[in-house]
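Colleague: I have some questions about how the terms for this model are justified. Please show it first.

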Amino acid sequence: MRILYLCTFYHIAMLYNQQKTALKKRKHSVTVFNSTKIGSGVAEKFVPVVQDKDVVHVECWNDVDRILFFPRQWKIEKQLLKAYKLDEYDLMHAHLLVSSGYTARRMKRKYGLKYVLSVRATDLTGFIRLPFFRRMAIKNAEEAEGLLFLSRCHKEEFMNKYVPENKRKAFENKSVIIGNPLEKFWEEHTAIVHKSIDKSNIRVLLIGRINPVKNIPAAAEAVKILRDRGMNVTLTVVGEVEDKEEENKLRSYDFIKILPFMTQEKLIDVYKNHDVFLLPSRVETFGRVYVEAMSQGLPVLYSKGQGFDKAYPDGEIGYAVPCSDSGYIADRIIDIVNDYERISDNCIKHASDFYEDNIIDKIEQFYSRSDNTI
């Protein structure tokens, strides 16, 4: 199959490169059109990704275009048609519901090229809240051959909150839920046996960028609650500092250790030296880091109503927690500690649900079903 990705953030996320590479190994042709703001640049670690011969990375719109939706989209469309002959493709995959979805719908109407849409957490917190763009989002989804959600909770929110009741059945029939795949490193280094825990020394781990979205102070307060109850609990935070104010909040706690972003080879030892993984993000499209933790046998606490929620029943691999309810988070840490070995064992077993081959199998089936010419 010949697939064209429509993206705006391919240059900052290795995930899409991983999926593209895996699909190419299965003899599919995958090319990427990635349109970004002028001057956005590319971080050094992502330069090889955008220099790939299968990727067209274009900086083609400015700050004014961020506000003026249609001029921006016309600029993107012009660059897309300059880069590709659309009759050479079987399917487009638009990775944003509104902006990329609008371009895909116009291309379908003009050139007959079918498309599928991903619906992400940011789609449900951005344009769609405005009535005009809500109508556009529904139209984009209506004319798509398939809808891909990374989580059950986001699918339910989209269907129940935004999709008119008379369209829900049709949308449901073409929807799938497919999480993100683990990187091969974690797949190859999945723990063999469950972890055990020393209840006199509980080590909580959080991995994520230090910014308000990750809501790390709520995790710190949960640990403080447990310490106030007389428990010896510590918190380690690993991640790049993006907000100094958030960092300063964390440094006010003497039981928190902050470590910089690190390679997978170093990070695996950090996982092995901790007991529970906690990330109470305010917004999370999926949260592949939860699955990384599971692969190392760490029970996980993930945000209720966000990406990873409803992937498993509460208590199976951890618990969904309200992102700002530190007392509730503290209580769920205790629940994990009291049933630790069973939950740790479940984490290792379910990590395989996200192995690359399993996820790519599902994506292949989704594409094939969406392109009924195959």
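Modeller: The protein in this predicted model exposes about 16500 Å², and carbon and sulfur atoms supply 50% of that area.

Colleague: What share of the residues is buried?

Modeller: Buried residues make up 56% of the 374 residues. A residue is called buried because its relative accessible area is under 20%.

Colleague: Why is the protein called as compact as a globular protein of that length?

Modeller: The radius of gyration is 21 Å, and the globule rule gives 21 Å for 374 residues. The two values are close, so the protein is as compact as a globular protein of that length. Along its principal axes the C-alpha trace spans about 65 × 45 × 40 Å.

Colleague: What makes β1 and β2 a pair?

Modeller: Two strands pair if there are at least two bridges between them. Strand β1 (residues 2-7) and strand β2 (residues 29-37) have six bridges, in the parallel sense, so by that cut-off they pair. In β2, T31 is the bridge partner of L4.

Colleague: In what order do the strands of the open sheet run?

Modeller: The order is β3-β2-β1-β4-β5-β6-β7, seven strands with parallel pairing.

Colleague: Why are β3 and β7 called edge strands?

Modeller: β3 (55-61) and β7 (175-177) each pair on one side only. From one strand to the next, the twist averages 20 degrees.

Colleague: Which helix lies across β1, β4, β5, β6 and β7?

Modeller: That is α16 (residues 356-370), which runs at about 160 degrees to β6.

How values were computed. Residues numbered from 1 in each chain as written. Predicted model: local features only at pLDDT ≥ 70, side-chain atom pairs only at ≥ 80, totals over all residues. Heavy atoms only, no water. Helix = DSSP H or I, 4+ residues; strand = E, 2+ residues; numbered from the N terminus. Axes fitted to C-alpha atoms, helices over the stretch in contact; angles between N-to-C directions. Contact = heavy atoms within 4.5 Å. Rg over C-alpha atoms; globule rule 2.2 N^0.38 Å. Buried < 20%, exposed > 50% of the residue type's maximum accessible area, 1.4 Å probe, protein only. Areas by Shrake-Rupley, 256 points an atom, 1.4 Å probe, with all protein chains shown as cover.
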